[in-house]
Structure formats: C-alpha cells, structure tokens
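These are my notebook entries on one structure. I looked up the domains, the ligand shell, one helix and one strand with its partners.

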Amino acid sequence: MKVVILGAGITGLSTAMRLAELSDFEVLVIEREPTVGGICRTFKEGEFSFDYGPHKIYSQNERIISGIKNLCGEELLTLPRKSRIRLMGGYFNYPLEVKDLLLTISPLKSMRFGFSYFYSKAKARIKPCSDDSYEGWVVNRFGRAIYETVFGPYAQKIWGIDPAKTSSDLAKHRISIPDLKEVLLGFIFPGRKKQPSLYASQFLYPQRGIQYLSDALKERTESLGRKIILSTEPVRIKVKDSAVGSVVYKQNEREVEMECSHLVSTIPITELFPLFEPSPPSEVFSCVDALSFRSLILLYLILGKERVSSDCWLYFPEKDFIFNRVFEQKNFSSVMAPPGKTGLCVEISCDVGNELWNATDDEIFERTIGDLEKTELIRREEVTSYFTKRIRYAYPKYTLDYRKYLLPLLEYLQGFENLIPNGRQGLFRYNNMDHSIEMGFLAADHIIAGKSRDDWNQQLKRFEDIKIID
Ligand SMILES: Cc1cc2nc3c(=O)[nH]c(=O)nc-3n(C[C@H](O)[C@H](O)[C@H](O)COP(=O)(O)OP(=O)(O)OC[C@H]3O[C@@H](n4cnc5c(N)ncnc54)[C@H](O)[C@@H]3O)c2cc1C
C-alpha cells in the first residue's frame with residue numbers, strides 16, 4: 001500500500017506520522033514550501049524568532065494534548081493566557097468581564113447596550129430575525145448596539161465580507177459567549193454554574209516556537225522510514241473510473257510519477273481540482289471559482305525596548321485600526337527575542353491581489369504606524385526595523401452561500417474511493433491545530449482500517465460544530 005499526502009502542514013504531517021507508527025504502508029508527503037509546518041511555522045530574523053501569527057496549543061481533547069506532550073517533551077512551556085481587547089478608547093481584559101465594562105464605559109452607553117439587547121429579544125418574539133447570517137446571529141444574542149460596536153466591525157475587518165452576507169457558521173465557530181443573558185447572569189450570580197469554558201486560561205507553547213511541533217512530527221515520521229519531500233508540487237493527479245491511480249510531481253525540473261493506493265489532500269481545495277486528469281466538468285470549476293480564502297499580511301516590528309506590554313496578544317475590533325490583532329512573541333517565550341529588544345507582529349487581513357497585498361513593506365508600515373501610535377503601545381521612533389510576511393490561505397471565507405459551492409465539490413471528491421480531503425485547507429473548514437492533528441490521526445486510522453469513503457464523511461461530522469477556543 002502506498003499513501004501519497006499533499007501538504008506538510010500539521011494535518012498532513014499528523015496523518016503521515018500516524019500511518020508510519022501504526023502500519024507498514026509506504027508514505028510520501030509532497031510539500032511546496034522548503035520547510036514543513038504550513039501555517040504552523042517559525043522563522044528566524046537576526047536575533048529574533050517569530051511565528052506566522054500567534055500559535056497557542058490548547059485542546060479539550062486530552063488524547064491530543066498528551067500526544068503533543070510526548071512529541072515536544074520538555075520543550076513545552078505552560079503559559080497563563082494574557083490578552084486584552086481595545087474598545088471605546090480603553091483596554092479591557094479578554095475575555096471581557098462585565099464589571100470591567102461597567103466601571104469604564106459611560107452609563108449612557110451601558111444603557112444603550114441594555115436597551116438594544118432587550119429590544120432585539122422583544123422583537124424576536126414578534127418577528128424573529130434570521131439566524132443565517134453572522135449579523136443576524138449576533139444581533140439575536142447580543143442586541144444591535146453591541147453588534148455595531150464590537151462584533152460587526154471585527155468580522156468585516158477579518159473576513160472582508162459584509163457580516164450580513166457572511167454565514168452564521170463563522171459566528172458559531174468563533175464566538176464563545178452563547179448570549180448576553182449568560183454574561184449578565186454570571187455577573188449577578190457569580191456562583192452560578194457556567195457553560196464549559198470556551199477560553200483557554202492557560203496554554204502550551206514550545207519555547208523555540210511552534211515550528212518545534214511541526215518539526216517533531218516530521219522527524220518522527222522520517223525516523224520511521226517515511227519520506228517527506230520539500231520544495232515540490234504535484235502537477236497532475238491521474239484518476240480512472242472511481243479511483244486515483246497516481247500522482248505526478250515535479251522534482252528538480254523532472255516529472256516523477258508515483259502510483260498510490262490512497263491520496264490524502266490537505267492543500268487548499270481550490271488548488272486540487274485543476275490537478276485532475278482527466279479534468280472535472282466545468283460546473284465543478286464554477287464552484288471552485290465561487291470559494292475564496294481571506295489572506296493575512298503580517299507586519300513585524302523590531303523595537304529597541306524590553307517589552308511593549310505583558311500581553312500575549314491584543315485584539316483591535318474597531319475600524320479605527322487597520323489591524324485585527326497585535327502579538328508580542330517575547331511574551332510567549334523570552335528566548336525568542338534578545339534582551340533589551342522585542343518584536344511585535346501586527347495582523348492585517350486583506351485579499352490576494354488587492355492594493356494592500358501588492359504594497360511594499362514601506363507602504364504597509366506607513367499605512368499602519370499611525371494606527372499603532374493611536375493604541376498608545378508604541379511610538380514610531382521606537383521602531384528600529386520592520387518587514388512583512390504573507391499568508392495567502394489564512395481563513396476560509398464563509399459567505400452566506402458558501403455551502404452551495406462547497407458541498408458539490410466535496411461530493412465530487414467523494415466519487416473517488418481512495419481520495420481523502422482533509423485539514424483546514426483541504427476541507428475549507430475553520431479549525432485549529434488540535435483539530436488538524438485529530439483529523440490527521442483519523443485519516444490514518446481510516447486508511448489502515450480499510451473503511452469505505454462514506455465512513456470518512458461520518459468521521460468528519462464530529463468537526464461540524466467545533467468551537468475555536470480563544
Ligand atoms: C494567524 C493564525 C493564527 C492561528 N493561531 C492558532 C492558535 O493559536 N492555535 C491553534 O490551535 N490554531 C491556530 N491557527 C490555526 C492553525 O494554524 C491551523 O488550524 C493549522 O495550521 C492548519 O493546518 P493544515 O495542515 O490543515 O493547513 P496548512 O497549515 O495550511 O498546511 C497546508 C500545507 O499544504 C502546502 N501546500 C499548499 N498548496 C500546495 C501544493 N499545491 N502542493 C504542495 N503543497 C501545498 C502548504 O505549503 C502547507 O504546508 C491559526 C491560524 C492562523 C491563520
């Protein structure tokens with residue numbers, strides 16, 4: 001049996017390692033980049049090391065956490081989660097505490113939030129607002145005033161779509177508080193039984209960066225004799241009847257064909273279809289064209305001071321700031337920055353090809369520094385240097401009708417008994433590292449057990465209602 005895996009992100013690597021540990025199947029992982037890890041990578045810049053965006057390790061799945069502990073051993077730090085959110089001119093601990101809000105914001109504003117909430121509840125009894133869109137889902141649970149102040153602008157900024165045209169699936173995955181009522185009851189009756197926590201109060205982190213986890217998966221896989229080839233891309237996937245027969249990839253300008261009994265694809269679903277030979281029908285490509293990913297520009301700033309704050313990361317939902325979040329790598333691990341200096345990573349969402357995506361580092365810095373100064377965290381003259389990195393496939397864009405296009409694509413793939421789409425990109429599914437590892441393990445178990453393609457769809461059901469733990 002030969003398993004080819006496309007993509008050496010966390011999902012592809014976890015699949016490969018598990019297959020290597022539990023079977024004698026031949027495994028080949030094909031990765032486009034010169035390093036493994038996908039979004040979970042760390043790079044060096046002079047004396048600094050940085051992740052591509054903050055990557056805390058947290059899971060409610062004990063099996064996954066113990067697997068990660070086995071892989072990373074003493075490298076893992078346990079850190080208290082410390083983060084704040086900037087709202088209405090002030091900083092609040094995150095997750096938000098009602099008492100902090102009440103102590104800081106004006107009574108008029110609190111009343112506005114309260115009235116708006118009760119109004120939306122009363123209105124819902126007469127004419128319920130649809131829960132289909134992100135906007136509707138949030139207004140139904142928090143009222144319009146809170147939606148317009150916090151959730152709406154944040155969603156618009158991160159995903160770049162009007163929240164009224166964004167699927168409520170995003171809100172369900174991302175918003176951990178069920179309803180404003182829960183927050184208020186928790187404030188009035190502190191001893192009340194709360195919902196299971198959807199915030200990580202502490203998390204694990206490898207002290208030299210998240211790359212350590214990706215590298216540990218790679219090393220374990222290779223130590224068991226399986227192959228991972230880097231800087232290589234598939235150029236064709238040859239299919240016949242209802243199965244994938246082989247994958248052709250390019251290595252050193254030479255095409256190599258690898259027959260396979262199974263193909264696991266963790267590359268972006270939109271990149272998979274053009275590889276099929278023979279080519280899928282044109283209706284399939286209409287669906288492919290209707291799906292897109294939101295991208296991220298990461299602006300890294302080097303500062304000549306010990307620390308900017310004690311926060312791991314800070315959220316900036318309001319539209320006054322071009323960025324969504326700022327994270328300070330040194331607060332994850334002090335060995336990642338030299339003494340007397342620190343580095344900030346500023347996350348700016350954008351679309352591939354738009355003005356920002358094509359801007360130079362100097363232009364991005366100039367567009368950002370004014371907003372950064374407004375945060376009162378840093379001053380321009382403290383910045384000694386800056387540079388950017390880009391993540392093309394950062395977030396699947398859940399438009400209102402994304403399922404209309406995604407489902408036919410998944411159905412098409414289901415036609416191939418030995419093809420398993422998987423992971424955040426391969427399934428167009430918002431997930432975290434722990435889900436990716438679990439998906440990887442499940443795919444390997446599925447292949448080893450020789451189960452049917454329908455069984456794989458059943459396995460994936462458990463990820464339908466996942467919450468992204470903040
Ligand atoms: C900014 C940011 C912060 C995050 N923070 C956290 C966090 O704190 N905690 C957490 O648990 N999760 C976090 N996540 C989510 C986490 O990063 C992902 O869930 C996880 O990395 C997804 O892994 P994956 O293998 O499915 O996808 P990817 O990491 O995207 O891997 C796909 C791989 O396929 C390769 N590839 C693509 N196209 C091709 C091709 N044609 N040929 C060959 N190879 C190809 C890519 O190079 C990549 O290596 C964060 C995500 C982002 C964007």
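I count two strands as paired if DSSP finds at least two bridges between them. The model I am reading is predicted.

**Entry 1: strand E10 and its partners**

I first looked up strand E10 (233–240). E10 is joined to strand E11 (residues 243–251) by seven bridges, and the two run antiparallel. Within this pairing I found Lys-238 opposite Ser-246 of E11. Two residues lie between the strands in the hairpin of E10 and E11, where I noted a positive phi near 50° for Asp-241.

I then checked for a further partner and found strand E14 (residues 276–277), which pairs with E10 in the parallel sense over two bridges. Here Ile-237 stands opposite Phe-276 in E14.

**Entry 2: helix H2**

Which residues of helix H2 (residues 62–72) are buried? I recorded Ile-64, Gly-67, Ile-68, Leu-71 and Cys-72. They cover an arc of only 115° around the axis, which places them on the same side of H2. On the other side of H2 I listed Glu-62, Arg-63, Ser-66 and Asn-70 as exposed.

Next I asked what the buried residues of H2 pack against. The elements are strand E5 (76–80), strand E8 (202–206), helix H9 (211–223) and H15. After H2 comes Gly-73, for which I noted a positive phi near 50°.

**Entry 3: domains**

I entered the division of the protein chain as domain 1 (2–38 + 211–291 + 399–463), domain 2 (56–94 + 199–208 + 293–396) and domain 3 (96–188). The C-alpha centres of domain 1 and domain 3 are 38 Å apart. Their contact takes four residues from domain 1 and seven residues from domain 3. On the domain 1 side that touches domain 3, I noted three nonpolar residues, one polar and no charged.

**Entry 4: the ligand shell**

Which of the 36 residues around the ligand come nearest? I recorded Gly-7, Gly-9, Gly-38, Gly-53 and Gly-423. The elements that give two or more residues to the shell are helix H1 (10–22), strand E10, strand E19 (383–396), helix H14 (423–426) and helix H15 (433–449). By class, I entered 15 nonpolar, 13 polar and eight charged residues for the shell.

Last, I asked where the ligand lies with respect to the domains. Domain 1 and domain 2 both give residues to the shell around the ligand, so the ligand lies between them.

How values were computed
Residues numbered from 1 in each chain as written. Predicted model: local features only at pLDDT ≥ 70, side-chain atom pairs only at ≥ 80, totals over all residues. Near = placed C-beta within 6 Å. Helix = DSSP H or I, 4+ residues; strand = E, 2+ residues; numbered from the N terminus. Nonpolar A, V, L, I, M, F, W, Y, C, P; charged D, E, K, R; others polar. Domains from an automatic or database assignment. Contact = placed C-beta atoms within 7 Å. Buried ≥ 20, exposed ≤ 12 C-beta atoms within 10 Å, placed from the backbone. Arc of directions from axis to C-beta.
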